[in-house]
Amino acid sequence: MSRLVIMTVGKTHSGKTTFAKELESVIQQAIIIDQDNHAEFINSHYKKLRPVEGPNTLKFSVTNAIVNYAIEQSNLHIILSNSNLNKSGRTNVLQNFHDNGFGSIIVHFNLPIDLLKERVIQTQRSKAVFRSASSFLEVLERQEETTEDQPSKDEANYLFEIKDPNDTLGIIQQIKEISEFR
């Protein structure tokens, strides 16, 4: 059986982490790799090493080390729960998985902005993942200002789109079936 990488794509509070956890619970041989966990770890233990401005290269290095370890040292399907809004970034990450024999699935969370704003306003999530933002609303506003590269069918073996939170369970079931036939 060949392994899968399942990549989430979406803005903050679109449901990526919740989806990843639900997916991991139905695909027993899977692990979630979530950059928010790495950011919180760095902010708690290695704050002085964080870049003052520009890309958070330390966070990316930690993530890459964990991804490479999972590829080389496990037989698990990998669920990448990050925003992955940039096409060139997605392409580079997925190419690494393809080069290592993985099949790929992108799950694009394309929910209405009003729903995301409502979720951000009501959130109880820890702000320990922040390096430069002061709130999730600020993160969402930044994401809205940048041009999102919509995922396309040529990026992965499978592409799913979630436009409504009620779509989630059906897509999880489809991914489970795909994972069983790999």
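Reader: I'd like to start with one residue: in which helix does F41 lie?

Author: F41 belongs to helix α2, which covers residues 35-45. Helices here are DSSP runs of H or I with at least four residues, strands are runs of E with at least two, and both are numbered from the N terminus. This is a predicted model, where local features need pLDDT of at least 70 and side-chain atom pairs count only at pLDDT 80 or more, while totals for chains, interfaces and linings use all residues. Residues are numbered from 1 along each chain as its sequence is written, and side-chain values use heavy atoms, leaving out hydrogens and water.

Reader: How many helices and strands does the protein chain have?

Author: The protein chain has seven helices and five strands. Along the sequence they follow the pattern β-α-β-α-α-β-α-β-α-α-β-α.

Reader: Is F41 buried, partly exposed or exposed?

Author: Buried means under 20% relative accessible area, exposed means over 50%, and partly exposed lies in between (1.4 Å probe, protein chains only). F41 has 42% relative accessibility, so F41 counts as partly exposed. Across the protein chain, 42% of the 182 residues count as buried.

Reader: Which residues make a nonpolar surface patch with F41?

Author: Y46 and L49 join F41 in a nonpolar patch of about 320 Å². Patch residues have over 30% relative accessible area and no salt bridge; like charges are joined within 9 Å, and nonpolar side chains (Val, Leu, Ile, Met, Phe, Trp, Tyr) within 5 Å. The areas come from the Shrake-Rupley method with a 1.4 Å probe, and for residues only the protein chains shown count as cover.

Reader: How many salt bridges does a search of the whole structure find?

Author: Side chains of opposite charge can pair when their charged atoms come close. The search finds three salt bridges, each being a side-chain nitrogen of Lys or Arg within 4 Å of a carboxyl oxygen of Asp or Glu. One of them pairs R90 with E155, with 2.7 Å between the closest N and O atoms. R90 is in helix α4 (residues 87-99) and E155 is in the loop between α6 (136-145) and β5 (158-162), so this pair ties together parts 65 residues apart in sequence. R90 is buried at 0% relative accessible area, and E155 is buried at 9%.

Reader: Which residue meets E180 in a salt bridge?

Author: The partner of E180 is K176, at 3.6 Å from N to O. Both residues sit in helix α7, four residues apart, about one turn of the helix. K176 is partly exposed, at 25% relative accessibility. In another salt bridge, E161 pairs with K163, the closest N and O atoms being 4.0 Å apart. E161 is partly exposed at 35%, whereas K163 is exposed at 52%.

Reader: At roughly what angle do the axes of α1 and α7 cross?

Author: Two packed helices are described by the angle and the distance between their axes. Helix α1 (residues 16-26) and helix α7 (residues 168-180) have axes that come within 10 Å and cross at roughly 40°. Axes are lines fitted to C-alpha atoms, for helices over the stretch in contact, with angles from 0 to 180 degrees between N-to-C directions. The two helices are therefore oblique to each other: angles under 35 degrees count as roughly parallel, over 145 as roughly antiparallel, 65 to 115 as roughly perpendicular, and the rest as oblique.
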